[in-house]
Amino acid sequence: MAIALPSEADEWIQEWREQLNESDRYSEVGEGWGVGFDGSFLFVIQPDDTYDGDPIHLYVDLEDGECTAARMVDGEDAVDWGFAFRGSYTNWKRLIHGEADPIEGMMSGEFDLDGDMQKVLQYSNAAVVMTENAGAVDTEFEY
């Protein structure tokens, strides 16, 4: 059964966590991520011409190839995070559908990153696998 975004964002991020933790490939390419540094991410889905609601804030804690926590949060100040990845609803939709690449999206300005860009580039394969796993979540976009 499809999980609706944005109304079921908390359920969606929980399912994505399960997808990541069941992925042997993510376990392999994410090895070392978040070891000795804060590897948590705040994903922000921002309103645009397609979706005019409130921003959606999704938090994940990633460490050494595992997603140890995932939940929807009230805003950017609701949790401590090591990295923030922001983009419009339309660009997130493209990303989850596999029509956009997370690294290329940062380089082109479709997505904005707060955090150590070198670290993200070092683990770019993990970012791609994370996106592939997000695409595996049966998602119904409401807008």
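This section describes the nonpolar cores, the salt bridges and one loop residue of a predicted model. Local features required pLDDT of at least 70 and side-chain atom pairs pLDDT 80 or more, whereas totals for chains, interfaces and linings use all residues. Residues are numbered from 1 along each chain as its sequence is written, and side-chain values use heavy atoms, with hydrogens and water left out.

The largest nonpolar core (buried Ala, Val, Leu, Ile, Met, Phe, Trp, Tyr and Cys residues joined through side-chain atoms within 4.5 Å; buried, under 20% relative accessible area, exposed, over 50%, partly exposed in between, 1.4 Å probe, protein chains only) comprises 39 residues. Those with the most contacts inside this core include Trp 12, Trp 16, Phe 41 and Val 60. A second, separate core has six residues, among them Leu 42 and Val 79.

Five salt bridges (side-chain nitrogen of Lys or Arg within 4 Å of a carboxyl oxygen of Asp or Glu) were counted. Glu 132 pairs with Arg 25 at a closest N and O separation of 2.7 Å. Glu 132 belongs to helix 6 (residues 124–136) and Arg 25 to helix 2 (residues 24–29), so this pair ties together parts 107 residues apart in sequence. Helices (H or I, at least four residues) and strands (E, at least two) are DSSP runs, numbered from the N terminus.

Arg 86 is buried, at 9% relative accessible area. Its salt bridges include those to Asp 112 (3.0 Å, N to O) and to Asp 114 (2.9 Å between the closest N and O atoms). A salt-bridge network links Glu 76, Arg 86, Asp 112 and Asp 114.

Gly 53, in the loop between strand 2 (41–46) and strand 3 (56–63), is partly exposed at 26% relative accessibility.
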